[in-house]
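Me: Could you take a close look at the open and closed spaces inside this protein, and at what sits around them? I'd like the walls described piece by piece, in plain bench language.

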Amino acid sequence: MRTFAALGSCIGLVLFVHAVAAQSFPSKTIRFLVGFAPGGSTDIVARLIAQEMTKNIGQQVVVDNRPGAGSAIAAELTAKSPPDGHTIFACTTGVFAIMPFLYSRLGYNHEKDLVPVTQTGSLPYIIVLHPSLPARNVREFIALAKARPGQINFASSGIGTASHLSAEYFKNEAKLDLVHVPYKGTGNAMADLLAGQVVLMFDQPVSSLPHVQAGKLKVLGITSLKRFQTLPDIPTVAEQGLSGFEAISWAGVCAPGGTPRPIVDRLYNEIGKVLKVPDIRDRLLRDGIEPIGSTPQQFLEHTRNEAAKWGKVVREAKVRVE
């Protein structure tokens, strides 16, 4: 009986400490780690959140860009930070659902070292094609690619990136033989796509649509299950013959493992407020990002489902980075 009483006292003390910590949170500047260089979609969302949160919580929220290794550097920094809510991280599809299956060793454990707070947005890809190929939609491209096995190439922003694996997923589902040409970043890939050195790419709308609108590229479809509300004229891949096809890149906010639940809930509530601001929602939608604002539990389940899905794609594509 004494053992159970002592255990109950310990649990009660831990809960009390967590409650006190939550009440005093935040007590200093919050560092918002971003694993990519400034200017990309993940960085843009983080800066919008940081700016609005600073107005609301009485403390500065400062974006700290730590690019490299597909965001693994920032993930490791997060994992090693004190679990007090004053370090948060713009976690992405790659951190939870791709890199754990690509690399034999990482400086973080995605299941233990990172606590999902909320999914901030989802980013479908559009499939863009160089005008030198006659296909006008996904069905026509699949027919063309099957008639030219191993002769059509596609660009990506790097081996193991979401754009690469989305194309691999498309290849598998459509049973195509396409040649992968990896680049060091979207900018380099886009330059060669515009020049016709490569002919196909899965890319985010914000960086590709200006070239489509200028007549330099064709868009075949979008990779969300439903048509995107600000791009209603672009048909989905799923409605063009690949039923159920969905390849979505997503971003969210995570905290270090062990962060008390009351602090996680406070962060979730504050970020949720930001995502409901009309001007911010409109800005994200214009950039091809659907605001989400899921609960911590919903986001946790989403990361697990995505890990199962993309882990399978990595294995089937036989992609490995040492």
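Reply: Here is a walk from the open pockets to the closed cavity, and then on to a few residues around them.

A word on ground rules: this is a predicted model, where local features need pLDDT of at least 70 and side-chain atom pairs count only at pLDDT 80 or more, while totals for chains, interfaces and linings use all residues. Numbering runs from 1 along each chain as its sequence is written, and side-chain values use heavy atoms, with hydrogens and water left out.

Let's start with the open spaces. A pocket is an open set of points on a 1 Å grid over the protein atoms alone, with protein on both sides within 12 Å along at least five of seven lines, and its lining residues have an atom within 4 Å of a point. The largest pocket holds about 970 Å³, volume being the space filled by probe spheres on grid points joined across faces, edges and corners. Its lining runs to 42 residues, and those nearest the centre are F36, S157, T161, T186 and Q204. Helices α2, α4, α6 and α8 (205-213), along with strands β8 (200-203) and β10, each put at least two residues into that wall. Those labels are DSSP runs counted from the N terminus: helices are H or I with at least four residues, strands E with at least two. Among these elements α4 has the largest share of the lining, five residues. As for chemistry, 20 of the lining residues are nonpolar, 19 polar and three charged. Here Ala, Val, Leu, Ile, Met, Phe, Trp, Tyr, Cys and Pro count as nonpolar, Asp, Glu, Lys and Arg as charged, and the others, Gly among them, as polar.

The second largest pocket comes in at about 340 Å³. It is lined by 18 residues, with S122, S224, E246, I248 and E290 nearest its centre. Strands β4 (114-124) and β10 and helix α11 (296-317) are the elements that give two or more residues to this wall. By class, you get seven nonpolar, five polar and six charged residues here.

Now for the closed space. A cavity is a set of grid points where a 1.4 Å probe fits but cannot get out. Counting those of 30 Å³ or more, there is one, with a volume of about 50 Å³. Around this cavity you find F32, T42, V45, A46, I49, A90, T120, A251, G252 and V253. Helix α2 (41-57) and strand β10 (248-256) each supply at least two of those residues, and α2 gives the most, four. The cavity lining splits into seven nonpolar and three polar residues, with no charged ones.

Strand β10 also takes us to the disulfide (a pair of cysteine sulfur atoms within 2.5 Å). The whole structure has one disulfide, and it joins C91 to C254 with the sulfurs 2.2 Å apart. C91 is in the loop between β3 (87-89) and α4 (93-102) while C254 is in β10, so the link ties together parts that are 163 residues apart in sequence. The bridge is right-handed, at 80° about the S-S bond. C91 has a relative accessible area of 0% and is therefore buried (under 20%, using a 1.4 Å probe and protein chains only). C254 is likewise buried, at 0%.

Back to the largest pocket, where S157 is one of the residues nearest the centre. The S157 side chain makes a 3.1 Å polar contact with the side chain of S163; that means N or O atoms within 3.5 Å, one able to donate a hydrogen and the other to accept it, with sequence-adjacent residues counted only if both atoms are side-chain atoms. S163 belongs to helix α6 (162-174) and is buried, at 6% relative accessible area. Beyond its neighbours within four places in sequence, S163 is in contact (heavy atoms within 4.5 Å) with Y125, S156, S157 and F202.

One last stop is S81, which sits in the loop between α3 (72-79) and β3. With 9% relative accessibility, S81 counts as buried. Its side chain reaches the backbone oxygen of L77 at 2.7 Å. Skipping neighbours within four places in sequence, S81 is in contact with R31, T87 and P256.

How values were computed
Buried < 20%, exposed > 50% of the residue type's maximum accessible area, 1.4 Å probe, protein only.
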